[in-house]
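Reader: I would like a close look at how the charged side chains are placed in this model, and at what surrounds them. Please take your time and set out the criteria as you go.

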Amino acid sequence: MDRANLHSGDTFARLDALAAARAAIERAEAGAEGAAPWVAGRITLGAYDLERQVWPVNGLTLALPTGDRMEEAVARRVQPDIDTRALSVPMSVEEARDFDATRTAARRRSGPLEFYARIDMGPPRRPDRLAASAQLRELFLFLPQGSPSQPMRVSPAFDRDTAIALLEFEAPAAPESPAVPSAEVSAPASETPSAVTAPRTEARAVPPATPQEPEETWPDTPDLDVARSEWDMLGLQTGMTFAQAQAVLAARDGIVTIFERPRPEPDPASVRATLYQRMYIAADGTEAITLAAPGPDGPVLAILRRLQLPRGDLPFDTIRQSLIDKYGLPAIENAASEGSKMYWFDGTPGAAQAICRVHFPRRIDLREWHLREGGDSALDLSQPSAAWNWAIADMPVDYAEQATRCGRVLTFEPEGAAQQGGAAFSMMLLDIGALRIVDETLSGVPAAEDREIDF
């Protein structure tokens, strides 16, 4: 296809290229009549399972041909929901060894791969839902072209010879229909998809029966009126509901995926007001925004924003001035080699203001969190240094008691490339007073005015 003249040739060259492209499409359609469709995307594999001789699938996302940012935004919103927990790629031990060696030699042992797959689409399993089954016919795996943070460029003319793995699957045998007494009676169709076999390996590519994770229950959120903070972070304020906060983030039109922290067991030494956390990954994976609350219905009491570049530096002097322009001069500023650490608070801590330097991120493994429905799971979550590797720590109860006088706290801390591999910064916005009140309510601590004291 004459792409150069299609996009930038003169008028007549573009007309000729357009006519040739139409003819090529017509020839392709004529030759592909009845053929199975192709899909493309990115796939992230886990550690090889020797017992089952499969690569478990940790992440999968489909890529659509797009030409501009508008089409890319539309493509992100029409992603199908694919449950990857039961998916795996079968491969013999010998093939897996060669496959792993190829990725290691290309320095792509971890991270997503690009794939093209030919599939047989089945009818919807239920007439009232857009849920269809599909059977794999062929699967080509490729080393990624360009940065994993950039959208995959889909081409119908992909080079099969550059694939590092090819898997061919046999179509499942049609089940024998039971004898029926009359031509007017037919056997009901099964809703269970048939198994797919992979002739290249002795192992069967049958997905394991992975049970659905039980729905987590959270305690009732205390009926407290938490006022919104005057400060905001990208339009987010403490005191918002998750629905309000998510609407603000959706308006930015850059959310890649959403994860939830699995419900932990409460620690008596830590506040319970931030146990529920939801992380929004944005900006092609370079930014993570975490919201914390006592439960999914509770008010947001803490916000963490973390931005990390894969390499290079950030203009911390310019960032500092932008923060001052928006929030005013910080109450506390500490110089650091990367830039200034800055802290604002609206309370009256007096001489104990040093305790208002409240910055409580904690390192996490996002693979242990739950992917929310509709999220994109193709991120390489094994990266040792990424924006999503930090969430909000549960503040110690004694610290919350001492820092209550700080009121609402806003913090900014820079990180140099030497620390993380690429320059980064993190910001936190917390309502410590509301956080402590909610925690005491959840813990059953009576209000001071309700306490009876005998003499």
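Which side chain meets that of Glu440 in a salt bridge, and what is the N to O distance?

Author: Before the pair itself, a word on the basis of the values: this is a predicted model, in which local features need pLDDT of at least 70 and side-chain atom pairs count only at pLDDT 80 or more, whereas totals for chains, interfaces and linings use all residues. Residues are numbered from 1 along each chain as its sequence is written, and side-chain values use heavy atoms, with hydrogens and water left out.

The partner of Glu440 is Arg436, and their side chains meet in a salt bridge at 3.2 Å, N to O, where a salt bridge is a side-chain nitrogen of Lys or Arg within 4 Å of a carboxyl oxygen of Asp or Glu. Because the two residues are four apart in helix α9 (residues 432-442), Glu440 and Arg436 are separated by about one helical turn; helices (H or I, at least four residues) and strands (E, at least two) are DSSP runs, numbered from the N terminus. Glu440 counts as partly exposed at 25% relative accessibility, and Arg436 is likewise partly exposed at 27%, on a scale where buried means under 20% relative accessible area, exposed over 50%, and partly exposed in between (1.4 Å probe, protein chains only). Elsewhere, salt bridges that share partners join Arg252, Glu287 and Arg305 into one network.

By the distance rule, the count comes to 15 salt bridges. One of them is formed by Glu260 and Arg372, whose closest N and O atoms are 2.5 Å apart. This pair links distant parts of the chain, with Glu260 in strand β9 and Arg372 in the loop between β16 (370-371) and β17 (390-392), 112 residues apart. Glu260 counts as buried at 15% relative accessibility, whereas Arg372 is partly exposed, with a relative accessible area of 29%. Another salt bridge is that of Asp365 with Arg367, with 3.0 Å between the closest N and O atoms; here Asp365 is partly exposed at a relative accessible area of 25%, and Arg367 is partly exposed at 48%.

Glu413, in strand β18 (residues 408-415), presents another situation. Glu413 is buried yet has no salt bridge, and the nearest side chain of opposite charge, Lys341, is 4.4 Å away; for this purpose Lys and Arg count as positive and Asp and Glu as negative, while His and the chain ends are not counted. What the side chain of Glu413 does make is a polar contact with the side chain of Tyr343, at 2.7 Å. A polar contact is a pair of N or O atoms within 3.5 Å; within protein, one must be able to donate a hydrogen and the other to accept it, and residues adjacent in sequence count only if both atoms are side-chain atoms. Leaving aside neighbours within four places in sequence, Glu413 is in contact (heavy atoms within 4.5 Å) with Lys341, Tyr343, His359, Phe425 and Ser426.

A covalent link also involves the loop between α7 and β18. A disulfide, meaning a pair of cysteine sulfur atoms within 2.5 Å, joins Cys356 to Cys406 with an S to S distance of 2.0 Å. This pair, too, links distant parts of the chain, since Cys356 lies in the loop between β14 (340-345) and β15 (361-363) and Cys406 in the loop between α7 (397-403) and β18, 50 residues apart. With -85° about the S-S bond, the link of Cys356 and Cys406 is left-handed, and both cysteines are buried.

Strand β9, which holds Glu260, also takes part in the surroundings of helix α5. The buried residues of α5 (residues 242-252) are Phe242, Ala245 and Leu249. They cover an arc of only 65° around the axis, which puts them on the same side of α5, the arc being that of the directions from the helix axis to the C-beta atoms. What covers these buried residues includes β9 (255-260), β10 (276-282) and β11 (287-293), while the face of α5 turned away from its buried side carries the exposed residues Ala243 and Ala251. Following α5 comes Asp253, whose phi is positive, near 60°.
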